[in-house]
Amino acid sequence: MSADTKFTGQSFKSVGTRPLRPDGIDKVTGRARYGADIDLPGQLVGNILRSPHPHAAIRGIDTSKAEALKGVKAVITAADLPDLTNGNSELFDILDNCMARSHVYYDGHAVAAVAAVDAVTARKALKLIKVDYELLPHVTDVDEAVAKDAPILHKKCFTQGVEPKPKKPSNVARRSEFGHGDVEAGFAKADVIIERTFRTEQTHQGYIEPHACVASISPDGSGELWVCTQGHFVFRQHCAELLGMDVSKLRVTPTEIGGGFGGKTHVWAEPVALALSRKANRPVKLVMSRDEVFRASGPTSATSIDVRIGVTKKGRITAGDATLRYTSGPYVGMWAELGAMTAFACYDMKHVRTVGLEVLVNRPKTTAYRAPSAPMAAFAVESVVDELAARIGMDPVDLRIRNAAKKGTQSSYGPVYGPIGIGPTLQAAKEHPHMSAPLGKNQGRGMACGFWFNFGGQTCTDLNIAPDGTVSLTVGTIDVGGARASLALVAAEELGIPYDQVRTVVGDTSTLGYNDMTDGSRGTFSSSMATIMSARNAIGILKERAALMWDIPVGKVVWEEGCAKAVGKKYGNLAPLSLAEIAAAAPNTGGPIAGHNELVADGAGVSFATHICDVEVDPETGRTQVVRYTVIQDAGKAVHPTYVEGQYQGGAAQGIGWALNEEYVYGDDGRLQNAGFLDYRIPVCSDLPMIDTQILEIPNPNHPYGIRGVGETSIVPPLAAIGNAVSNAFGVRMTHVPMSAPRILAALDEARETSTGDAETA
């Protein structure tokens, strides 16, 4: 069958329906096996000693007393994870983060680890390890880190992306710039220009399941790893390289994942568990505590963003300029680069420039969090766009509609857009009943737009047809948001059989070819494409078998509605053969029937959303409650609408928490003060309204079904939508996220003082 991935415009029978999720019963009954549920005979308990200092040189580590403790089977330090990275700086950063070498760079940095017969013994052993630290100056704030007198984390860090190469080391690890046109010429055409600085604080993904794994390395050098991950093939690659193993000798099996949202795309403790197992010659289970998750696994960036936008009185944006400073922890990342790419992506702009600066700080290594970097950039840009609309007396939706990107627009980060959904989402927002609903006392309404790229990448699937005609689909992308149900629907659609005759499983690294990480909203997009091709591959074989059974040319066989049908005057009277009938005859027609596909899924359609939010602010306490929320987003094609709605709602809920409550709080000593859900407060049900959703379907022309990724875009607009709602409630522009009660009270007090001062002056 054809391997053409272009949009077909076909009608659907299975895709677009809402069957029950295949993992639901196991998860609600407790049968599902997560990372910490794996147990092997003779396994040990692993535990990690972490630095209590934000920045220090390691002068020495004495592990002798821990090694002598009864029940301790292995103690490791960086010496047991030697540098085998061959000059690969990115891989070295992963190694150094997993186990500190010469320096610790944040509160929680791993310095040693033990494997013992039980948890009590492991904890005792950690207390017996003595580390001689030389304390060094630290910096945790993004703006302080770029100051001239800031402590420098790495003496060999010279800002990348700057020519000529700087002569002095810096905490600015990388500079990225995007845009086109002449920004200053664009501003010269503006009637109104607004320039503001915004800050967002560091947040965590807040997944329920902490990082957990079970590692086992045999004396022959082969190994197995069971782990909660968003990408077991990537974990295999990184762990094998760090431990000097042949990649094929490490088998990685993914467990169910209790949330990831980007936070489980990096290895943190897995190489440590493998090194402990290798040294102890026993399996080792290692489970992070919640404190460790917060202190030592990747949060988002904290940011400081300058934005300047100009507009004419008629509502045409003439220019946009932004400088975005993003923390990346102690290692260079790509977070400011992503922020710079996404900042103005919603708009058709002739003159635009963004500069991203990756800033090193004494905080944990930054990692992805659902459309990484885009929410912060959108908060800054969308806040200024709203303020510009008010300044020129134009409805904020109309201003955005007038300037929205469309097919043929050159994006702010380079490519020219194909068919996209920003305009339709804005028009739907303008017409939505939420937009015209009355507001109550102390309430305000805000709206904002958001964008995410979406990715494709390397993908591989196997589709096997059983003798009874049922189908087993094996995929290599982790199911983080309903992929198993969605891919079963796709297979059923292609084969023309009922959904309940298809079972989708996620295979381990020994069952399939390489699959990229489940990130960038690539899971359903890429795996559905590979599933379609695998099914078409299998259909080709089914047609060959039917032709053999009928003894007719295969060119006279078509596949329709789950059956092989003979065509033409000579053969048209033959009764159709069902998939089950062909499968039952397989032993006599050539053996098992299967379809396979591997591809690099290109053409992931970009994604846009518009959110509407109503808030109620208590002027006495500053407490802000979201009372109504609507998400309008383009899905391309909603394979399983219930899951799509859940992705929309989940992203909005996390964005609400980020906007109002969540932040890392560091003391002057550089230590994290709120490493737990008691003090780091994520939203619970009572904090949230029912989040309404509207699915739009503007087909992606580069996918047979028109599918776009949906999992990330929904977290991009909430910070700005809520900020705009608060501003519209009280006329106070919030520029610092989270907009916690103390910050809102301070902004209200400042506004009252300014108002009083103006009145006295008058």
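A residue counts as buried when its relative accessible area is under 20%. I write that down before anything else, because threonine 713 comes out at 0% relative accessibility and so counts as buried. I also note at the start that I am reading a predicted model.

**Entry 1: threonine 713**

I looked up where this residue sits, and found threonine 713 in the loop between strand 26 (691-696) and helix 19 (718-730). Which residues does threonine 713 contact, leaving aside its neighbours within four places in sequence? My list reads Gly450, Phe451, Trp452, Ser607, Phe608, Ala609 and Gln633. I then looked at arginine 743, which is 30 residues from threonine 713 in sequence, and I noted that the two lie 27 Å apart in space, C-alpha to C-alpha.

**Entry 2: tyrosine 369**

My next stop was tyrosine 369, which is found in the loop between strand 15 (352-359) and helix 11. Is tyrosine 369 buried or exposed? Its relative accessible area is 2%, and because the cut-off for buried is under 20%, I enter tyrosine 369 as buried. I then turned to glycine 262, which stands 107 residues away from tyrosine 369 along the chain, and found that their C-alpha atoms are separated by 4.7 Å. With the neighbours within four places in sequence left aside, the contacts of tyrosine 369 are Thr203, His204, Gln205, Phe261, Thr300, Gln654, Trp658 and Ile715.

**Entry 3: helix 11 and helix 12**

From the loop I went on to helix 11 (residues 374-392) and its crossing with helix 12 (residues 396-403), where the two axes come within 9 Å and cross at roughly 110°. Angles from 65 to 115 degrees count as roughly perpendicular, so helix 11 is roughly perpendicular to helix 12. I recorded this crossing as right-handed. On the side of helix 11 the contact is made by Glu382, Val385, Asp386, Leu388, Ala389 and Ile392, while helix 12 brings Pro396, Leu399 and Arg400. Sorted by class, the contact of helix 11 with helix 12 has six nonpolar, no polar and three charged residues.

**Entry 4: helix 7 and helix 8**

I compared notes with a second pair, helix 7 (residues 232-243) and helix 8, whose axes come within 10 Å and cross at roughly 50°. How do helix 7 and helix 8 lie to each other? They are oblique, because 50° falls outside the ranges for roughly parallel, roughly antiparallel and roughly perpendicular. The crossing of helix 7 and helix 8 is right-handed. Here Phe235, Cys239, Leu242 and Leu243 of helix 7 meet Glu270, Pro271, Leu274, Ala275 and Arg278 of helix 8. By class, the residues of this contact divide into seven nonpolar, no polar and two charged.

I stayed with helix 8 (residues 270-280) a little longer and found that it is mostly covered, with nine of its eleven residues buried. Among those buried residues are Glu270, Pro271, Leu274 and Ala275, which I had already listed in the contact with helix 7. Just after helix 8, asparagine 281 takes a positive phi of about 60°.

**Entry 5: an open sheet with helices on it**

I traced an open sheet of four strands, which has the order 19-18-17-23 and mixed pairing. Strand 19 (502-506) and strand 23 (593-601) are its edge strands, since each of them pairs on one side only. From one strand to the next the twist averages 15°. Inside the sheet, strand 17 (residues 457-465) pairs with strand 18 (residues 471-475) in the antiparallel sense over five bridges, and isoleucine 465 stands opposite valine 471 there. I then checked the helices, and saw that helix 15 (residues 483-495) lies across strand 17, strand 18 and strand 19, running at about 135° to strand 19. Helix 16 (residues 523-550) also packs on the sheet, where it touches strand 17, strand 18 and strand 23, and its direction makes about 145° with that of strand 23.

**Entry 6: strand 5**

How many residues of strand 5 (residues 110-116) are buried? I find seven of the seven, so strand 5 is largely enclosed by the rest of the structure. Strand 1 (residues 44-50) pairs with strand 5 in the antiparallel sense over six bridges, and valine 45 has alanine 116 as its bridge partner. Strand 3 (residues 72-76) runs antiparallel to strand 5 and is joined to it by four bridges, with alanine 74 opposite alanine 115.

Notes. Residues are numbered from 1 along each chain as its sequence is written. This is a predicted model: local features need pLDDT of at least 70, side-chain atom pairs count only at pLDDT 80 or more; totals for chains, interfaces and linings use all residues. Side-chain values use heavy atoms; hydrogens and water are left out. Buried means under 20% relative accessible area, exposed over 50%, partly exposed in between (1.4 Å probe, protein chains only). Helices (H or I, at least four residues) and strands (E, at least two) are DSSP runs, numbered from the N terminus. Two strands pair if DSSP finds at least two bridges between them. Axes are lines fitted to C-alpha atoms, for helices over the stretch in contact, and angles run from 0 to 180 degrees between N-to-C directions. Contact means heavy atoms within 4.5 Å. Angles under 35 degrees count as roughly parallel, over 145 as roughly antiparallel, 65 to 115 as roughly perpendicular and the rest as oblique. A crossing is left-handed if the near helix is turned anticlockwise from the far one by less than a right angle, and right-handed if clockwise. Ala, Val, Leu, Ile, Met, Phe, Trp, Tyr, Cys and Pro count as nonpolar, Asp, Glu, Lys and Arg as charged, and the others, Gly among them, as polar.
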